[in-house]
Each structure stands twice: as structure tokens, then as C-alpha cells.
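Here are some notes to go with your look at this model. I have set them out as numbered points, so you can keep the viewer open and follow along.

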Amino acid sequence: MRILTPTILLLTSAVGVVGANSLMLGPIATTVAESFPGADAARVLQAASAYGLATALSALGLAPQVDRIGAGRVVLLALATLAVALAGAMLAIGVGMLIGAQVLAGLAAGAALPAIYSLTAEVALKGREAETLGIVLTGWTLALVAGVSLAAPISDFVHWRAVFGLLAGFAALIATALALRLERGSGAPGHRTSPLAALRVPGIGAGLVGVAGFMIAFYGVYTWLGPHVQQVLGRSTALTGLLPLAYGIGFGLAVPLDRMVDRWGSARMRPIVLAILVGVYVALALGMGAFWVLVALCLVWGLVNHVAMTLIVGGLTQLDPARRGAIMGLYSATTYLCVAVGVSGFRPIYEGFGLATAAVVSALCLIPALVQSLRRSGWFNGPSRRAGAS
């Protein structure tokens with residue numbers, strides 16, 4: 001049976017819309033500021049900070065509703081709210097209104113992503129869960145390659161409001177299509193849960209340690225790649241755009257590799273992928289002086305990160321299906337907290353020692369998760385098909 005169903009395509013598109021809004025404000029901040037008297041790019045970017053904070057709070061407070069009213073219902077409500085928020089951003093008459101719209105978008109995103117991942121786990125074919133989740137995760141490729149890459153030219157040739165208007169339309173369209181596609185009982189309601197209850201699930205501590213290491217390592221390097229390429233290597237802004245493009249392409253090309261997770265078992269795959277990812281950060285450290293080497297490494301980086309994310313998210317969704325919403329809320333909250341840690345914590349490392357040193361620190365951030373995965377895997381004990389919760 002095929003796994004690329006209309007429902008999976010819609011969930012992938014939903015991730016793309018959420019991801020695009022979370023990533024695109026930076027490249028168009030200067031253009032947006034020109035529409036508001038007395039505003040500058042730094043003031044506009046406060047909307048991005050407000051979005052991240054609202055997303056983290058929503059992931060803790062609203063994501064557990066997935067377990068109470070059902071993942072399908074939460075996805076629909078969150079996408080409808082996101083459409084309203086994006087329309088508000090499009091119509092903003094000042095930075096304050098833009099910030100308010102992004103706060104509402106963050107509240108929607110904090111519930112939407114955990115619900116999307118939970119619903120994917122529910123509707124996936126048995127034995128092909130990792131492959132299905134991997135397809136949905138390529139929504140982040142859509143966000144990077146289509147959303148972020150097109151935001152700047154649309155802002156230049158049409159208007160930045162058109163960017164938010166298009167995203168609002170897509171969010172509403174996806175919500176409508178999903179409402180028609182979801183079968184009765186899909187994402188059915190369960191019982192009330194909470195982040196505190198999810199913290200008592202066996203394996204959640206090790207899982208969140210892995211999430212933290214992965215996200216801090218990624219954002220600590222990715223955030224400062226642009227400044228490094230422009231300030232240290234002297235490349236143009238246009239060429240700098242090849243780095244996220246290469247990363248996004250690599251992320252998308254990795255989908256066929258997700259089949260290996262289903263075949264081998266995530267417990268055995270996790271230490272292999274983490275070890276390779278450590279090697280990628282070491283390679284990035286060694287290649288920081290050559291632009292085209294960095295472009296090539298970003299392609300590999302995206303590919304390996306895709307499989308790593310499939311293992312991380314897939315493992316968490318299997319820990320306790322009855323508390324899946326609360327668990328994925330903890331995942332999203334941890335992710336957005338680590339975005340802040342990665343960006344602010346790596347700034348003195350980058351400014352004082354360079355991005356090569358930051359890449360080495362990122363490699364070290366993954367060591368605890370790698371050691372933990374080796375201890376819990378069956379790699380040295382013969383074939384194993386243990387689930388991602390192992």
C-alpha cells in the first residue's frame with residue numbers, strides 16, 4: 001500500500017506553512033520596517049522573538065489538548081487560527097499589531113506541530129511509521145526552499161504583505177482540505193494529560209536530552225553561517241543563500257533513507273546516525289575556510305539531520321501513545337528554548353573564536369545523546385527491532 005496519501009501530503013504542507021512563517025521574517029525584516037514610520041529591522045524582529053516565546057508556551061499549555069480532544073481536531077483548529085493570525089500580519093498597520101499577530105501565530109504553531117506529528121503517527125501504515133514521518137518532516141524543506149527563498153523576491157516585486165496573504169490562504173486551504181479528508185475517528189479524543197504527567201513517561205528524559213543536544217548544535221552553527229560567509233569569507237548575500245538552499249535540498253533527498261529506520265529499528269539506527277552527525281560537525285569545522293566546501297557539507301548536513309529528526313520525533317511519538325500530545329508539546333517547547341540557547345549561547349563563541357570552534361562545540365553537544373543511545377541500543381547484542389522508545 002502507498003504511504004503518500006492526500007492526508008500525508010496535506011500534513012506535509014501544513015508543516016511547510018508553519019515552518020515558513022517561523023523562518024521568513026528575518027530575510028524581509030528591513031522591507032517590512034520601511035512600511036512603518038520610525039521602525040527598523042531590529043524592532044520588526046521582535047515579532048519573531050514574540051512568536052518563538054508564544055510557540056514554546058503554547059507547546060506546553062495547548063499541545064496536551066491533542067490527548068483530550070484528538071490530534072485531528074487540534075490540527076484543524078490550529079491551522080484555522082494560524083490563517084487568522086497571518087491575515088492579521090498582512091493587515092498590520094504598525095509593529096505592535098505585527099507582534100500581536102505573530103504571538104497568535106505562535107500560539108497556533110505550538111499546538112499545530114505536536115498535533116501534526118501525533119496525527120502522522122496515528123494514520124501511518126504499520127511498519128512504515130518512520131518513512132511516513134520522514135515525508136511529513138520534508139515540510140521543513142518546503143519552508144526553506146519555497147517559503148524562505150521566495151519571501152524576499154515576492155516582497156521586492158509585489159509587497160511583503162503578499163507573503164503573509166499567500167501563507168494565510170494556504171493555511172486556510174489546507175485546513176479546509178483536511179477537514180474533508182480526515183475520517184471520522186481519526187485523531188479521536190482520549191483523556192486529559194499534562195506536561196508534568198508526560199515527564200513521568202519512561203524514556204522521556206533521555207529523549208529530551210537528545211532533542212536539546214540536537215537543536216542547540218544545529219542552531220548554534222546554522223544561525224551564524226550567514227555572518228561567517230559574508231564577514232569572514234567575503235561572499236555576497238545572494239551566494240549566502242546557497243547554504244540554506246543546499247541544506248533544504250539535502251533534507252528533502254533523505255526521505256528514502258527513512259525506510260532503513262523501519263527495517264533496522266530506531267534503537268540500532270540512532271547511534272549510527274548520531275555518530276555520523278558528530279562527524280559532519282567536525283567536517284564543518286575543518287571546511288569553514290572554503291565556501292563551496294561549506295555548500296557541499298550543508299547538503300550532507302541536511303540529509304543526516306533529516307534522518308536524525310525522524311529518529312528523534314518518531315521515538316518520542318512511540319513512548320506513550322496515550323500521552324503523545326503532551327510529549328510532543330515537551331518536544332516543541334524544548335526545541336524553541338534551545339533555539340534561544342543556540343543563538344545567544346554561541347554568539348560569544350563565534351565572535352571570540354570563530355565558527356569552526358562553534359562547530360566543534362556543536363559536535364560535543366551531541367556526545368551525551370550518542371553515549372546514551374549506545375547504552376540503550378542492541379547494536380552490540382545482536383539484531384534488534386526495538387521501537388524508538390527503547
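**Notes on the predicted model**

1. Let's start with Ala47, which sits in helix H3 (residues 46-61). Please keep in mind that the model is predicted. Ala47 has a relative accessible area of 0%, so this residue is buried. Leaving out residues up to four places away in sequence, Ala47 touches Leu25, Leu98, Ile99 and Gln102. For a distance check, try Ala47 and Gln230: their C-alpha atoms are 25 Å apart, with these positions 183 residues apart in sequence numbering.

2. Next comes the loop between H3 and helix H4 (65-69), where you will find Pro64. Is Pro64 buried or exposed? Its relative accessible area is 4%, and the cut-off for buried is under 20%, so Pro64 counts as buried. Pro64 and Arg324 are 260 residues apart along the chain, yet 8.0 Å separates their C-alpha atoms.

3. Helix H1 (residues 6-33) is worth a look for its kink, which is about 60 degrees and centred on Pro27. The helix has 28 residues, and its first and last C-alpha atoms are 39 Å apart, close to the 40 Å expected at 1.5 Å a residue.

4. Helix H8 (residues 139-157) also bends, by about 35 degrees at Ala151, with a proline, Pro153, following within four residues. Its 19 residues reach 25 Å from first C-alpha to last, close to an expected 27 Å. Ala151 is itself one of the buried residues of H8, which also include Trp140, Leu144 and Val148. Among the elements that cover these buried residues are H1, H6, helix H7 (129-137), helix H9 (160-181), H11 and H13.

5. Leu119 belongs to helix H6 (residues 95-123). With a relative accessibility of 0%, Leu119 is counted as buried. Its C-alpha atom lies 9.9 Å from that of Leu133, a residue 14 places away along the chain.

6. How does the end-to-end distance of helix H11 (residues 204-232) agree with its residue count? At 1.5 Å a residue, its 29 residues should span 42 Å, and the end C-alpha atoms are 41 Å apart, which agrees. H11 bends by about 40 degrees at Leu225, and Pro227 follows within four residues. Just past the end of H11, Gly234 has a positive phi of about 70 degrees.

7. Now for the rings. A pair of aromatic rings is described by the distance of the centres and the angle of the planes. Searching the whole structure gives 14 aromatic pairs. In one of them, Tyr222 and Tyr247 are 5.9 Å apart centre to centre with 55 degrees between the planes, a tilted pair. Tyr222 lies in H11 and Tyr247 in helix H13 (residues 242-253), so this pair ties together parts that are 25 residues apart in sequence.

8. Tyr247 also pairs with Trp301: the ring centres are 5.5 Å apart and the planes stand at 80 degrees, so the pair is edge-to-face. Here the link runs from helix H13 to helix H16 (residues 291-317), joining positions 54 residues apart. Both partners are buried, Tyr247 with a relative accessible area of 5% and Trp301 at 0%. Tyr222, Tyr247 and Trp301 belong to one aromatic cluster together with Phe218, Tyr219, Phe251 and Tyr281.

9. Still in helix H13, have a look at Ile249. Its relative accessibility is 38%, so Ile249 counts as partly exposed. Not counting neighbours within four places in sequence, Ile249 is in contact with Val145 and Leu299. The C-alpha atom of Ile249 is 8.9 Å from that of Leu144, although the two residues are 105 apart along the chain.

10. Last, the helix pair H17 (residues 324-353) and H18 (residues 355-365). Their axes come within 7 Å and cross at roughly 140 degrees. Why are H17 and H18 called oblique to each other? Roughly antiparallel needs an angle over 145 degrees, and roughly 140 degrees falls outside the parallel, antiparallel and perpendicular ranges, so the pair is oblique. On the H17 side of the contact are Phe346, Ile349, Tyr350 and Phe353, which meet Leu355, Thr357, Ala358, Val361, Ser362 and Cys365 in H18.

Methods: Residues numbered from 1 in each chain as written. Predicted model: local features only at pLDDT ≥ 70, side-chain atom pairs only at ≥ 80, totals over all residues. Heavy atoms only, no water. Helix = DSSP H or I, 4+ residues; strand = E, 2+ residues; numbered from the N terminus. Expected span 1.5 Å × (residues − 1). Bend = angle between axes of the 7 residues up to and from the residue. Phe/Tyr/Trp six-rings, centres within 6.5 Å; stacked < 30°, edge-to-face > 60°. Buried < 20%, exposed > 50% of the residue type's maximum accessible area, 1.4 Å probe, protein only. Axes fitted to C-alpha atoms, helices over the stretch in contact; angles between N-to-C directions. Parallel < 35°, antiparallel > 145°, perpendicular 65-115°, else oblique. Contact = heavy atoms within 4.5 Å.
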